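Here are a few notes to read with the model open beside you. Take the points in order and find each spot as you go.

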Amino acid sequence: MFRCMEEGVLSVKIYDIKVPSTYVLDQEKPEPLVLDCIYDVDPSETGFVLKWLLNDQSVYQWIPSHGPFALPMLKSRIDATYEASQDGQQRHRALAIIKPSWNITGNYTCSVQTFQSSDRRSAHLQVIVPERDFQLKHHCCDEEDNVDIVCNTLGIFPEPKLSVLLNDVSVNNLVGTRSKVDDDGLFEVTATARVPRQRLESPTTIRCILSIPGTTYTRRKESIFYDRLTFVPTAMSLDKDTSARSYLDIGSGAASVFTKVLLPFIVLLLHWT
């Protein structure tokens, strides 16, 4: 076992606190979230008490002579019977959260103390509730010949950032964003942009990127803009995230070209064969 020497006296020492920086919640099959505290206590020390705190409020306490118990703040969400080790001074060191949700986000602290010494260590946990829906749509064109772009997500926590790109160039200076919180504490965010049609090439890839600041969580949607005044159809494949509007634009352009150009050619060809 490790030992910490301070002025010749052995003391409590926390070596690590295992708290994930982000935890993506699986709402269909939620799994327990276990936070662990790795420490060492000299056997000669007495009065051992381990505590877990969330945002400086005690949520769990273990005194070996009395057993572990959850405190009111998270009482219905903690499995106080969870065992992290068979060692008598390590057995109930972990905090096992059996019903994680977005509102357990915060700063977690493991505190270990005896009558002779004490130590504590903290880490931040960000719970992410994945979006329930994420859509990107565009419409061409309004009376002023603008293309309207709408990116929307809902049922997500924490509040995400939505960024709009045209051919990988950010147009966030043209984007307006609004957000609201539902009764469950989850966010709905909508980003809208109005771009003059003359500024768009044909085709233009429109992307909406969803990100949660301070984490690596990102999602993206894509849509293809075709200017129906200049578009000549070719064989193509669009992924599942492509806006249905693109197909409508393609369809109307294809019908016009087919009627005016291809159909007479086909009739002439059939006549000569």
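What percentage of the 273 residues in the chain is buried?

1. Buried residues come to 43% of the 273 in the chain. Keep in mind that this is a predicted model.

2. Now for the overall make-up. You should be able to count 19 strands and one helix. Among contacts with a separation of 6 or more, 57% link residues that sit 24 or more positions apart. The chain's accessible surface is about 15500 Å², and carbon and sulfur atoms account for 53% of that.

3. Next, go to β6, which covers residues 49-54. Five of the six residues in β6 are buried, so this strand is mostly covered; the cut-off for buried is under 20% relative accessible area.

4. β6 has partners to look at. With β10 (residues 106-113) it pairs in the antiparallel sense, over six bridges. With β7 the pairing is also antiparallel, over five bridges. Leu 50 is a handy place to see both: its bridge partner in β10 is Val 112, and its bridge partner in β7 is Trp 62.

5. β6 and β7 make a hairpin with two residues between them. Asn 55 is in that turn and has a positive phi of about 50 degrees.

6. Is Asn 55 buried, exposed or partly exposed? Asn 55 counts as partly exposed because its relative accessibility is 39%, which lies between the 20% and 50% cut-offs.

7. Finally, check who Asn 55 meets. Beyond its neighbours within four places in sequence, Asn 55 contacts Thr 105, Gly 106 and Asn 107. Gly 106 is 51 residues from Asn 55 in sequence, yet their C-alpha atoms are 6.0 Å apart.

Definitions and conventions: Residues are numbered from 1 along each chain as its sequence is written. This is a predicted model: local features need pLDDT of at least 70, side-chain atom pairs count only at pLDDT 80 or more; totals for chains, interfaces and linings use all residues. Side-chain values use heavy atoms; hydrogens and water are left out. Helices (H or I, at least four residues) and strands (E, at least two) are DSSP runs, numbered from the N terminus. Buried means under 20% relative accessible area, exposed over 50%, partly exposed in between (1.4 Å probe, protein chains only). Contact means heavy atoms within 4.5 Å. Accessible areas come from the Shrake-Rupley method with a 1.4 Å probe; for residues, only the protein chains shown count as cover. Two strands pair if DSSP finds at least two bridges between them.
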